[in-house]
Amino acid sequence: MTVGGAQRKNRRLKQTQAAKAAAAVAAARGSRTDATKIIIGVVVVVLVAAGVVGGVLYAQHQKNQTTLSAVAAKTVAGSSSYPQVLDKANATVLVGKPTAKVVIDAYEDFECPVCKSFEAANFTDIEKQLEAGTIQVRYHMINLLDANSNPPGYSSLAANTALAVATVAPEKFMDIHYSLYQTQPQEGKAGWTQAQLTDLANRLGVSGAAFDKLINDGTYKAQVNKNMLAAGNNQALFQTDSTGAKGFGTPTIVYNGAPVNYQTQGWLETIINNAKTKS
């Protein structure tokens, strides 16, 4: 092959290689374009899905807000048959006929879900004995779970409101006590606001300047907190939990100075029967 022929051959070879390289680049660019389209498509699907989920959650939140816009006002039919007496100095309410042989102390927190379970399981029996005049119950409303609402402080708000009701209209105490356990806010979530608690009291028939002042001043909050500190340091009230640890918790039900195992079936009847035997 001559030098000129070799040169022409080399030029043709280089042109062929350049054409192949250009085709490869174009193909690669096309692949990247397709990949980009796929990625964009996936992102759009994810964003749409997120929007749908977000919309569902928002709708559910709005539904819950509507459902929980007010505390249901419940009344205790038989509560007019027995006294409900506030002890202002100690921020407790003694419920029941003074001739009763058995006096039980109940330490409760309106935020406490176990207290709600206790009330659900035992309210009918307790109410029956209150009407019969066989027992009295002294309610200690404390703020053990004040930090467990968002924002903090629901336990104190609810306790102060219940005590304000007991001050202005003592015959309504059991009504608000019962109502607050029937529609209890979830622990760790938002509690009822003061406006909602006041609205509940109003719908139960409690209102007026005296009541509003007790609410606005937070009259009983300091004593409620003091009662909590006293109970938390009173080893006579300590109970043992499932892990074996001892301490104060809610609810604590006390008779003759010692906690009662209220989870034992027939615990209230046993106390009443034992009191009859001793009398």
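## Salt bridges, strands and loops in a predicted model

The side chains of aspartate 105 and arginine 138 form a salt bridge, with 3.0 Å between N and O. The term stands for a side-chain nitrogen of Lys or Arg within 4 Å of a carboxyl oxygen of Asp or Glu. This pair ties together distant parts of the chain: aspartate 105 sits in strand β3 (residues 102-108) and arginine 138 in strand β4 (residues 135-141), 33 residues apart. Helices (H or I, at least four residues) and strands (E, at least two) are DSSP runs, numbered from the N terminus.

A word on what you are looking at: this is a predicted model, in which local features need pLDDT of at least 70 and side-chain atom pairs count only at pLDDT 80 or more, while totals for chains, interfaces and linings use all residues. Residues are numbered from 1 along each chain as its sequence is written, and side-chain values use heavy atoms, with hydrogens and water left out.

### The salt bridges

How many salt bridges does a search of the whole structure find? The search finds 3. As general background, side chains of opposite charge can pair when their charged atoms come close. Here they are side by side:

| Pair | N to O distance |
|---|---|
| aspartate 105 and arginine 138 | 3.0 Å |
| arginine 203 and aspartate 199 | 2.9 Å |
| lysine 213 and aspartate 217 | 2.8 Å |

Is aspartate 105 buried or exposed? Aspartate 105 counts as buried, at 15% relative accessibility. Buried means under 20% relative accessible area, exposed means over 50%, and partly exposed lies in between (1.4 Å probe, protein chains only). The partner, arginine 138, is partly exposed at 27%.

The pair of arginine 203 and aspartate 199 belongs to helix α5 (residues 194-203), where the two are 4 residues apart and so separated by about one helical turn. Arginine 203 is partly exposed, with a relative accessible area of 38%, and aspartate 199 is also partly exposed, at 31%.

Lysine 213 and aspartate 217 lie in helix α6 (residues 209-217); being 4 residues apart, they too are separated by about one helical turn. Lysine 213 is exposed, with a relative accessible area of 53%, whereas aspartate 217 is partly exposed at 46%.

### Strand β3 and its partners

Back to β3, the strand that carries aspartate 105. This strand is mostly covered, with 6 of its 7 residues buried. β3 runs parallel to β4, and 7 bridges join the two; strands count as paired if DSSP finds at least two bridges between them. Within this pairing, alanine 106 stands opposite tyrosine 139 in β4.

Which helix joins β3 and β4 in a β-α-β unit? That helix is α2 (residues 113-132), and the unit is right-handed. Right-handed here means that, with the strands pointing away from the viewer, the path from the first strand over the helix to the second runs clockwise.

β3 also pairs with strand β7 (residues 252-255), this time in the antiparallel sense over 4 bridges. There, tyrosine 107 stands opposite threonine 252 in β7.

### Two helices that cross

Helix α6, home of the lysine 213 and aspartate 217 pair, meets helix α3 (residues 154-168): their axes come within 9 Å and cross at roughly 155°. Axes are lines fitted to C-alpha atoms, for helices over the stretch in contact, and angles run from 0 to 180 degrees between N-to-C directions. α3 and α6 are therefore roughly antiparallel to each other, since angles over 145 degrees count as such (under 35 is roughly parallel, 65 to 115 roughly perpendicular and the rest oblique).

### Loops worth a look

Two cis peptide bonds can be found in the loops. The bond from asparagine 150 to proline 151 is cis, with omega near 5°, and proline 151 is in the loop between β4 and α3. Threonine 250 and proline 251 are likewise joined by a cis peptide bond, with omega about -5°. Proline 251 lies in the loop between β6 (246-247) and β7.

Positive phi values turn up as well. Alanine 91, although not a glycine, has a positive phi of about 55°; this residue sits in the loop between β1 (84-87) and β2 (92-95) and is buried, with a relative accessible area of 0%. Asparagine 256 has a phi near 55°, again positive in a residue other than glycine. Asparagine 256 lies in the loop between β7 and β8 (258-259) and is exposed, with a relative accessible area of 62%.
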